[in-house]
Amino acid sequence: QVQLVESGGGSVQAGGSLRLSCAASGRTFSTYAMDWFRQAPGKEREFVAAINWSAGNTYYASSVKGRFTISRDNAKNTVYLQMNSLKPEDTAVYYCAAVLAYRSVSSYISPAAMDYWGKGTLVTVSS
């Protein structure tokens, strides 16, 4: 069992930066691949970024590649999402999710594939 709690959301102007954190409980955190998803009002939840258990493999949605960076610290049971050059279209509730991954993290981009979810943190980007 893994419990996830996101933090770091807030309001920022376009072009600004935020760093989201996701703290995980459970001694097996280091065995899970971790993803970030987001959901804007009236839209479906969409994949943002993924990182494998060792942090040696990452994967990004094309809409955020080059602007967002996913990382993890297994000693702190935490995964991060550094978001730079934010745009108004990045406004959404951001969720972290965990999955016991047996394939490349690029295979885990569907919400249905994830095993555990946090409750989300709101990011608002104004123009």
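Biologist: Between which strands is the loop where Ser85 is found?

Modeller: Ser85 is found in the loop between S8 and strand S9 (92–99). Strands here are DSSP runs of E with at least two residues, helices are runs of H or I with at least four residues, and both are numbered from the N terminus. This is a predicted model, in which local features need pLDDT of at least 70 and side-chain atom pairs count only at pLDDT 80 or more, while totals for chains, interfaces and linings use all residues. Residues are numbered from 1 along each chain as its sequence is written, and side-chain values use heavy atoms, with hydrogens and water left out.

Biologist: What is the phi of Ser85, and how should I read its sign?

Modeller: As a general idea, most residues other than glycine have a negative phi. In this structure Ser85, although it is not a glycine, has a positive phi of about 50 degrees. Asn77, which lies in the loop between S7 and S8, also has a positive value, with phi near 55 degrees.

Biologist: Is Ser85 buried, exposed or partly exposed?

Modeller: The reading rests on relative accessible area, where buried means under 20%, exposed over 50% and partly exposed in between, with a 1.4 Å probe and protein chains only. Ser85 has 42% relative accessibility and therefore counts as partly exposed. Leu86 lies in the loop between S8 and S9 as well, but at 2% relative accessibility Leu86 counts as buried.

Biologist: Which residues does Leu86 touch?

Modeller: A contact means heavy atoms within 4.5 Å. Setting aside residues up to four places away in sequence, Leu86 touches Val12, Ala14, Gly15, Gly16, Ser17, Leu18, Arg67, Phe68 and Val125. Gly15, which is among these partners, lies in the loop between strand S2 (10–13) and strand S3 (18–24). Gly15 is exposed, with a relative accessible area of 54%, and, leaving aside neighbours within four places in sequence, Gly15 is in contact with Ser85 and Leu86.

Biologist: How far is Gly15 from Ala97, in sequence and in space?

Modeller: The two separations are read independently, one along the chain and one from C-alpha to C-alpha. Gly15 and Ala97 are 82 residues apart in sequence and 26 Å apart in space. For Ala75 and Ser30, which are 45 residues apart along the chain, the C-alpha atoms are separated by 8.4 Å. Ala75 is found in the loop between strand S7 (68–73) and strand S8 (78–83), and with a relative accessible area of 75% Ala75 is exposed.

Biologist: How is Ile51 placed, buried or exposed?

Modeller: Ile51 lies in strand S5 and counts as buried, at 2% relative accessibility. Not counting residues up to four places away in sequence, the residues that Ile51 touches include Ala33, Met34, Ile70, Val79 and Val105. Ile51 and Gln39, by comparison, are 12 residues apart in sequence and 19 Å apart in space, C-alpha to C-alpha.

Biologist: How many aromatic pairs does the structure hold?

Modeller: Rings of Phe, Tyr and Trp (its six-membered ring) pair if their centres lie within 6.5 Å, and planes under 30 degrees apart count as stacked, over 60 as edge-to-face and the rest as tilted. The structure holds five aromatic pairs. One of them joins Phe37 and Phe47, whose ring centres are 5.9 Å apart with planes at 75 degrees, so the pair is edge-to-face. Phe37 lies in strand S4 (residues 33–39) and Phe47 in strand S5 (residues 46–51), so this pair ties together parts that are 10 residues apart in sequence. Both Phe37 and Phe47 are buried, and ring pairs link them with Tyr59, Tyr95 and Trp117 into a cluster.

Biologist: How many helices and strands are there in the protein, and how do I judge its overall form?

Modeller: The protein has zero helices and 11 strands. Its radius of gyration is 13 Å, close to the 14 Å that the globule rule gives for 127 residues, so the protein is as compact as a globular protein of that length; the radius is taken over C-alpha atoms, and the rule is 2.2 Å times the number of residues to the power 0.38. The C-alpha trace spans about 40 × 25 × 25 Å along its principal axes, and 41% of the 127 residues count as buried. Among contacts with a separation of 6 or more, 59% come from residues 24 or more positions apart.
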